[in-house]
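Work through the exercises below with the sequence and the structure at hand. Each task is followed by a solution in steps.

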Amino acid sequence: MKFHKGCLPEQVTKGHQNKKVSVIWSALVLMVFTFTNVYGQTENPFATDSILTVQLDEVILIKSRMPEDYQKQAKPLASIDDYLEKSHKVNMMKRGAYAWEPMINSMTSERLTVTIDGMRIFSACTDKMDPITSYVDVSNLHYAKVTSGQEGAELGSTIGGGIDLQLDKSGFENRGWRTSFESGFEANNMQRILGSEINYSNESSYIDADVIYRKAENYTAGGGEEVAFSQFEKYNLSANGGIQLDEEESIEASFIYDEARNVGYPALPMDVSLARGIIGSAEYKNQGFMGLDDFKSKLYFNTITHMMDDSQRPDVPIRMDMPGWSDTYGFINQAQLEAGKHSVQLKWDGFYNRSLAEMTMYPNDPNQIPMFMLTWPDVRTLNTGIYLEDEFELKEGQLNLGARIAYQGFRVADEFGLNSLRIFYPDLEASQTRFLKSISARYYRKLGDFEVSSGVSFGERAPSVSEGFGFYLFNSFDNHDYIGDPNLKNEQSYEINGKLSWESNKVNVSLNGNYFHMPNFIIGEITQGLSTMTIGAAGVKTYTNLEYATQYNATLESKWNVSSNLICNAVVGYHRGFDNDGRNLPFISPLAYSASLEYAKKSFTAAFRLSGAADQVNFNPEFGEDRTAAYTVFSVNMGKTFKLGNQNFMYTKIGVENLFDTWYSTFTDWANIPRMGRNIYATLTYNIN
């Protein structure tokens, strides 16, 4: 069955039948969790050491070798997409069951900086079918750090924020050999997961190696409706190693090979036959280099290959192949300096990227010759920047100042691609340069049981390769071909943010929000007089700068320690965005909420969770959006750790997602494809230490 951008009548009916239930459940649960959390006991069994609650970043634990950390994970072998989606700050845009695109502050990948261990990596797909997060697996990662707004400028020039996926490394600990075996199964799409890793570490060296394999069939939506072309197959290999040269110096290296095949995208007109990423790095560390603390110097490379095709689709007006390639070479030099009340971070980084994508269309008439286009005309990007952050103690409170300045140059290396763009921009030069700036200030203060923070910032970003140099990129969501504009101005952002937290030994409540004013906002606008390239497309849009766009976000979070074994969490978020003409911006979240009850005692854990959203009423039909009905979904899980001797342990977890098999679709579901229905899963991990 194929799903299109408009909701089918029966889908709309199902969505509205759930609306009353959604509203009642959300009101009851949020009242209980948020307003009755005035009783209970002190200690949170799930708590971990963390930075001050007023900080704007969030650390998501992905993998740990400790049994107590396994117990905290709702679904230990979930994809990295699942882990990120459970973050309070991240939404995931879905085009299928694989490779979801992360969003922060309702902003998509152009306005974010996503890195793996600090390394810049760029997708090779013009249709965003391969976000950076799709080229790693949970077996590679220790945690994900999510930052909002110019908090993410440490990773690179950004508007909405950043995500840094930190690799899991044993480090120089005298732990000897360790091995683990993992397996998982999900009933809805018959997904099979197998993985294993081996680690060795002592005080002078370490080596880690792991492999994981996933294969899934089509999934079914609520009510048993099969979602065709949602299958995928993926395997991932990674290795890390390090040598301690002396007490202060070490050398470390990492390597990842990730490959996915036969990946279906039910929301798009094409699938993917191959998505391959090869990622490598070498790093030198010195704890006392030239008087600096924690000096690091890294060299890295990565190469991405992505092959779109529609050979498995039964009915296509014209068959197409759309391969893409992205190669990146980069460096990172950074150091920490502690001086009195100042903690200063210095960072100099840079990268060189080559992005090339092409399209070949094969007419059904064998007498006609194929048509060839360069959709990314071999664009070379050179970026280098300096980042400085100073966090220092005041008499009352703490002040954090950050700044980045970067040079970015573009060059169109392919003459055929350059001449294609000159059809629209006759005076286009092959090269251009830009300067990007970022500055931010944040103030923290503790007032009794309250903690407050406030911040202001300014940031810029250059157009992405698609926005600047894309040539007839088809967007199936709004059914338009898109053309880039190399002469776009840098998009800018002025941000104000704040957070207020109250904490006792029983309860933690926090309210945080931000406001973005974004001059030169980049978006596609309909261009009259241009012919479409894609059969059936409604028109052509060209990326352009609006005068400005405005967006604000607010989140209320609450945690209640009911007892030493039971905690409650609740989150409510509200978001709005519109341009200078008052039009709603696309992909802005409606009122959303989630809540959970988590129980842990010794080696047993159990959890009950709900999540949902109100009607999406502030949508924009010009971008293919329509009204998304309210929904609420529930999930449960339980886990048990079995000690096998002094150090070895086995951990198993079972759970049910979408417990009541609800049919629903969210504002981030491309073309209104429905989410997965009831899904029963089980995982088993065996650790030998």
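Strands here are DSSP runs of E with at least two residues, numbered from the N terminus. The model is predicted.

**Exercise 1. Place Thr 550 in its strand and describe its surroundings.**

Step 1. Thr 550 belongs to strand β27, which covers residues 548-561.

Step 2. Its relative accessible area is 5%. Buried means under 20%, so Thr 550 is buried.

Step 3. Set aside the neighbours within four places in sequence; the contacts of Thr 550 are then Tyr 515, Phe 516, His 517, Arg 576, Gly 577, Phe 578 and Leu 585.

**Exercise 2. Classify the ring pair of Phe 424 and Phe 471, and state what the pair ties together.**

Step 1. A pair of aromatic rings is described by the distance of the centres and the angle of the planes. The whole structure holds 22 aromatic pairs. For Phe 424 and Phe 471 the centres are 6.0 Å apart and the planes stand at 55 degrees.

Step 2. Planes under 30 degrees apart count as stacked and those over 60 as edge-to-face. The angle of 55 degrees therefore makes this pair tilted.

Step 3. Phe 424 is in the loop between α5 (415-421) and β19 (431-447), while Phe 471 is in the loop between α6 (465-469) and β21 (473-475). The pair therefore ties together parts that are 47 residues apart in sequence.

Step 4. Phe 424, at 22% relative accessibility, counts as partly exposed, whereas Phe 471, at 8%, is buried. Together with Tyr 472, these two residues form one aromatic cluster.

**Exercise 3. Describe the pair of Tyr 482 and Tyr 543 in the same terms.**

Step 1. The centres lie 5.2 Å apart with 50 degrees between the planes, and the pair is tilted.

Step 2. Tyr 482 is in strand β22 (residues 480-483) and Tyr 543 in strand β26 (residues 539-545). The pair links distant parts of the chain, 61 residues apart.

Step 3. Are Tyr 482 and Tyr 543 buried or exposed? Both are buried.

**Exercise 4. Follow the strand pairing from β13 through β14 to β15.**

Step 1. Strands β13 (residues 271-286) and β14 (residues 293-309) run antiparallel and are joined by 15 bridges. Asp 271 stands opposite Asp 309 of β14.

Step 2. The hairpin of β13 and β14 has six residues between the strands, and Met 290 there takes a positive phi near 55 degrees.

Step 3. β14 also pairs with β15 (residues 319-339), again antiparallel and with 15 bridges. Here Leu 299 faces Phe 331 in β15.

**Exercise 5. Give the strand order of the open five-stranded sheet, then locate Leu 165 and Leu 84 in the nonpolar core.**

Step 1. The order is β1-β6-β7-β4-β5, with mixed pairing. The edge strands β1 (58-61) and β5 (119-120) each pair on one side only.

Step 2. Seven bridges join β6 (residues 141-148) to β7 (residues 161-167), and these strands are antiparallel. Ala 144 has Leu 165 in β7 as its bridge partner.

Step 3. The largest nonpolar core has 100 residues, and Leu 165 and Leu 84 are among those with the most contacts inside it. Strand β16 (residues 342-362) gives the most to this core, with four residues.

Step 4. Beyond four places in sequence, Leu 84 is in contact with Ile 60, Val 90, Met 92, Thr 133, Ala 144 and Ile 163.

How values were computed. Residues are numbered from 1 along each chain as its sequence is written. This is a predicted model: local features need pLDDT of at least 70, side-chain atom pairs count only at pLDDT 80 or more; totals for chains, interfaces and linings use all residues. Side-chain values use heavy atoms; hydrogens and water are left out. Rings of Phe, Tyr and Trp (its six-membered ring) pair if their centres lie within 6.5 Å; planes under 30 degrees apart count as stacked, over 60 as edge-to-face and the rest as tilted. Buried means under 20% relative accessible area, exposed over 50%, partly exposed in between (1.4 Å probe, protein chains only). Two strands pair if DSSP finds at least two bridges between them. Contact means heavy atoms within 4.5 Å. A nonpolar core is a set of buried Ala, Val, Leu, Ile, Met, Phe, Trp, Tyr and Cys residues joined through side-chain atoms within 4.5 Å.
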